Each structure stands twice: as C-alpha cells, then as structure tokens.
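Student: I am new to this structure and should be grateful for a close look at a single part of it. Please take one helix and describe it in its surroundings.

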Amino acid sequence: MLSVQKSAVAFALALLVSLVWLSLPAAAQHGGGTAVQAVEHGDAEDGEAPAAVSAGDEGAGHAGDEAAAVALEGAGHGHGQGQGQGQGQGQGGAPHGTLHLDGADLGLFWVIPFVGILMSIALGPLVAPHFWHAHFGKVALGWALAFLVPFALVFGFDLAAYETLHTALLEYIPFLILLGSLFTVAGGVRVTGSLRGSPIVNTAILAIGTAIASWMGTTGAAMLLIRPLLRANAHRRYRVHSVVFFIFLVANVGGSLTPLGDPPLFLGFLKGVPFFWPTEHMLAPMLVVAIPLLVVFFAMDAYFYGKEGKPPAPPDGDVGRLGLEGKVNILLLGGIVAGVLLSGMWDPGVTLTVYHVPVDLQNLARDVLLVGIAVLSMILTNDESRRLNGFSWFPIVEVGKLFAAIFVTIIPAIAILRAGTEGALEPIVSLVNQNGEPVQAAYYWLTGLLSSFLDNAPTYLVFFNTAGGDPELLTGPLQNTLLAISAGAVFMGANTYIGNAPNFMVRAIAQESGVRMPSFFGYMGWSMLFLMPMFVLVTLVFFI
C-alpha cells in the first residue's frame with residue numbers, strides 16, 4: 001500500500017509541474033513565437049540549419065552517420081544522431097515535409113524537466129535513499145511526463161509523437177542496445193588468479209584501460225576492466241578513489257586518440273577529419289591530463305594502502321597464475337566494435353520510415369547484430385563464471401530507466417543549443433568568436449562544460465559547424481580550433497556522472513559491488529578538485 005501511495009505522490013508532483021507550466025503565458029513558455037514549422041520540399045530557407053550550424057552538411061545520409069557516432073559507445077546521452085543537419089532537413093534530420101521543432105523559438109522554461117531529472121539523480125539517493133532505490137523508475141517517468149504532457153498540449157500531439165519516436169528509434173534504443181551488449185559481453189570476461197589491489201596493480205589497470213580505450217571505445221574498455229578492478233580491491237577499506245579515477249581515465253580521457261574512442265571523434269571522422277588526426281594532435285593534451293592523474297592516483301592509493309596496513313587479500317579459492325575465463329567474449333567485443341564501424345561506413349541507401357522518422361538499414365542491422373552478440377555471450381559463457389564475476393542485471397536496468405527520462409527531457413535543451421546565436425543560449429555561443437577570429441580557449445571550455453551535462457556528440461557538432469564546418473580548414477589553418485573542440489568534448493565528459501554513458505554504468509556496477517560511491521554533487525567535487533587543474537593546464541599549454 002505504501003508503495004502505491006509513494007507512486008501516486010511522484011505522479012502527482014509531475015502533474016503539478018505540468019499544470020503550473022501550462023499556466024504560464026504562451027510567450028514565457030516558448031519564447032513568444034511558434035516553434036513548429038513545416039519543412040516543405042524545395043524550400044531551402046525553411047530547411048536551413050540555425051545560425052550556429054553551417055548549411056554544408058550532406059543531407060539525409062548524415063543522420064545515419066551521426067547515429068553511428070553515438071552508437072559507437074553510448075555517448076553520454078545519445079543525442080548525436082540526426083543533429084545539425086543541413087539544407088532540406090529539419091531538427092533531428094527530419095526529411096522533407098515533416099514536422100520541425102525550431103529551437104530558436106524555445107524559452108529556457110522547457111529545460112526545467114531536464115534539470116529536474118538531474119536534480120533527482122543528484123539528491124534522491126541522499127534525501128530518500130530507500131524510496132529512490134525502490135522507485136527511481138517512477139520518478140524518471142514523472143519527469144518525462146512533465147515535459148511530454150505540456151509539450152503535446154502546446155505544440156500538438158503530432159510533433160510530440162515525432163520527437164519521442166525520433167529519440168526512441170534513432171537514439172535511446174540504439175544507445176541501450178550498445179550499452180547492454182557491451183555490459184553483457186564484458187561481464188563474461190573474468191580475471192582468474194590472485195590479482196591483489198596494490199597501488200602498482202591498480203595504477204597498471206588504470207593505465208592499461210586508458211591505453212586501450214581509444215581502440216575499443218571508452219564504454220568497452222570500462223566494461224572490460226571495472227570488475228577486475230573491483231575484485232582486486234574487494235578486501236580494501238578505501239576503494240572510492242579507485243573507481244573515481246577509473247571513470248576519469250578509462251571512461252573518458254583514454255578515448256582521445258582515435259574515432260573509435262569517443263563518439264565526437266567518430267563524428268568528426270565522418271565529416272572528413274582524417275582517422276589518425278586525433279592520434280597525432282590529441283596525444284599531447286591526453287598525456288598532459290592522463291600522466292598527472294595516474295601519478296596523483298598512485299600517490300593517493302599508496303597513502304590509503306599504507307593507512308590500511310597494507311592488507312593482504314584474503315584467500316578466496318581463486319589462487320594461482322593470472323588467467324582469463326570467457327576468452328570468447330574478447331572476440332565478441334571485437335565483433336561489437338566492427339558492427340558499429342560497419343554501420344558508419346556501409347550505406348545501402350535503404351531507409352525505413354516510422355511516422356516520419358527515417359531508420360537506416362545499416363543501423364537496424366547493427367542493432368540486430370549487437371543483440372545477437374549479447375545472446376551469444378550468454379550462451380557461450382559459463383553461468384558460474386558470471387556469478388563469480390559479480391554479474392547482475394540491476395546496473396543496466398537502472399541506467400535504462402534513468403536515461404530514458406534524460407533522453408526525453410533533453411530534447412528542448414539540444415534544440416536550443418542547435419539554434420546557436422538565434423537561441424536562448426546566444427550569449428554563450430557568441431563567446432567563441434570575437435572580431436571574426438576564433439577564441440580557442442572559449443571553444444575548449446564551452447564545448448567541454450556543455451558536454452558535461454548535455455551529450456558531447458551534438459555539442460561537438462554545433463561547435464564544429466560554428467567554426468566553419470570545413471574539415472580541410474579545421475585540420476589545416478584552424479587545427480588548434482578543432483583541437484580545442486575535440487579536447488573539450490572528450491575530456492570534460494568526465495566532469496559529471498551523466499557526461500558520458502560509461503560514467504553512470506561504472507558507478508552503478510561499483511555500487512552493486514558494495515562501493516559507497518559519491519553522490520552526483522560529491523562526484524563533481526572530485527572532478528573539480530582533480531580534473532579542473534588539469535583542464536586549466538591544457539588551456540595554458542595549448543589554447544592561450
């Protein structure tokens with residue numbers, strides 16, 4: 001009965017927000033104009049991208065390319081698909097003759113539900129931990145409805161249905177399939193033997209993860225190594241710092257060197273940036289961040305290890321030489337990466353349309369392939385090995401429910417951002433160019449800070465196009481500007497739990513294993529203390 005009452009309270013709060021919102025004047029709700037436009041075939045003016053987005057993108061084919069960029073790793077929130085399309089397309093890559101949400105006409109009021117779900121994630125576990133653990137899905141649903149109900153009433157059911165389906169079919173479902181397949185496959189790899197969590201071993205795990213993240217994606221590297229790290233340190237008293245630095249390095253900074261590492265870089269590759277451009281130009285900034293972080297981590301872990309009395313790992317029956325169980329899953333991880341790359345490079349020109357939402361065949365094939373790989377992993381991996389690995393489905397369930405609300409409520413935030421200098425965030429976007437010249441430090445910090453809370457893929461795309469959108473110029477005379485955009489998008493996803501998808505997943509797995517992870521704001525305290533000095537150093541060395 002109490003559960004039903006709490007659910008009713010959550011729904012009532014969401015409904016109350018909706019009613020208050022609807023009581024606002026229309027001008028306050030959406031900037032005084034209509035945000036719904038019809039993109040007619042052949043009407044280039046209506047189909048043009050907003051001021052901050054160059055009209056040089058190549059049309060509908062890029063929707064699938066950007067979807068592949070997000071699917072490469074889950075990418076924070078997944079709103080990289082179909083964003084920033086050029087002439088002849090509406091928001092989200094909508095084809096001719098479909099509804100179009102113009103972010104230039106949206107007020108910041110529409111971002112309230114997005115802020116609400118973030119605050120719920122931040123405060124719920126602190127203020128009402130038992131309620132949150134039992135009902136976080138209902139709270140997420142409440143915030144999603146707090147956006148969708150007023151949006152449908154103000155702008156119409158058709159546009160609300162289109163935006164919801166666009167987000168579900170092109171963004172959320174591929175995001176969850178990729179994350180779930182990586183979670184399933186990596187969860188079948190178990191390190192055997194007496195791996196003990198000493199400072200040297202822990203630092204080596206973080207260094208290895210940082211090195212491989214650029215080649216198998218930050219999500220793949222994080223899912224592969226987080227459980228071995230947790231098992232190696234199960235006997236330790238102080239473990240939080242190991243997981244936090246793991247998120248910093250393996251789940252974010254390590255993905256700097258190739259388009260495989262992080263979705264923004266893959267998106268740049270699809271726009272014409274050479275494959276090894278990040279390897280050549282991002283290596284130095286990555287080392288400036290990664291090496292000091294590894295040194296600081298080793299010193300901190302050595303201090304805590306000594307404070308604990310250098311505890312030996314208790315015998316657990318799993319002693320002897322180090323080895324791997326479930327080696328077939330390593331091959332399956334390679335299959336996941338290959339499937340994602342294939343979806344970005346293979347274009348059969350076949351598109352299925354669901355209520356004006358184009359679903360490219362290559363992306364549908366990728367999702368089916370990833371589901372099949374996950375099923376294969378479950379069949380081929382010994383159940384006992386998964387049990388000993390501490391595998392459970394709760395982390396992926398938690399991420400799936402919470403990110404469903406994030407994906408829905410972030411719709412107006414991304415639309416406003418894409419409007420560039422014509423949107424409500426015009427004062428911020430305008431800072432990146434002064435007197436016709438790019439301000440590289442501004443590109444770096446604005447791309448990074450927005451990537452900390454929004455998805456780094458569309459954020460990268462917006463500033464890529466703001467800087468001209470020409471890959472020849474951006475890899476030539478303006479290469480420092482592209483470097484600033486790339487570094488900001490990749491590095492600063494580590495600032496919050498929601499800055500990159502593996503951040504939240506690693507947190508969920510660690511908590512499931514008994515590690516008392518910091519709250520949303522508590523984690524931001526760690527990032528402010530340890531990451532911000534590194535980011536300032538990068539600014540001074542490369543962008544001033």
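**A close look at helix H8**

Tutor: Helix H8 covers residues 199-216, and its 18 residues should span 26 Å at 1.5 Å a residue; the C-alpha atoms at its ends lie 25 Å apart, so the expected and computed lengths agree. The model in which this helix appears is a predicted one. The course of H8 includes a kink of about 25°, with its centre on Thr210. Thr210 is also one of the buried residues of the helix, together with Pro199, Asn202, Thr203, Ile205, Leu206, Gly209, Ala213, Ser214 and Met216. Buried here means that under 20% of the relative accessible area remains. The cover over these buried residues includes helix H9 (218-232) and helix H10 (240-249), as well as helix H13 (283-307) and helix H14 (328-345). Just after H8 comes Gly217, which adopts a positive phi of about 85°.

The wider setting can now be added. The protein has 544 residues, of which 57% count as buried, and its secondary structure consists of 25 helices and 8 strands. Among contacts with a separation of 6 or more, 82% join residues 24 or more positions apart. The protein exposes about 20100 Å², and carbon and sulfur atoms supply 68% of that area.

Key
Residues are numbered from 1 along each chain as its sequence is written. This is a predicted model: local features need pLDDT of at least 70, side-chain atom pairs count only at pLDDT 80 or more; totals for chains, interfaces and linings use all residues. Side-chain values use heavy atoms; hydrogens and water are left out. Helices (H or I, at least four residues) and strands (E, at least two) are DSSP runs, numbered from the N terminus. Buried means under 20% relative accessible area, exposed over 50%, partly exposed in between (1.4 Å probe, protein chains only). Contact means heavy atoms within 4.5 Å. Accessible areas come from the Shrake-Rupley method with a 1.4 Å probe; for residues, only the protein chains shown count as cover. The expected span of a helix is 1.5 Å times one less than its number of residues. The bend at a residue is the angle between axes fitted to the seven residues ending there and the seven starting there.
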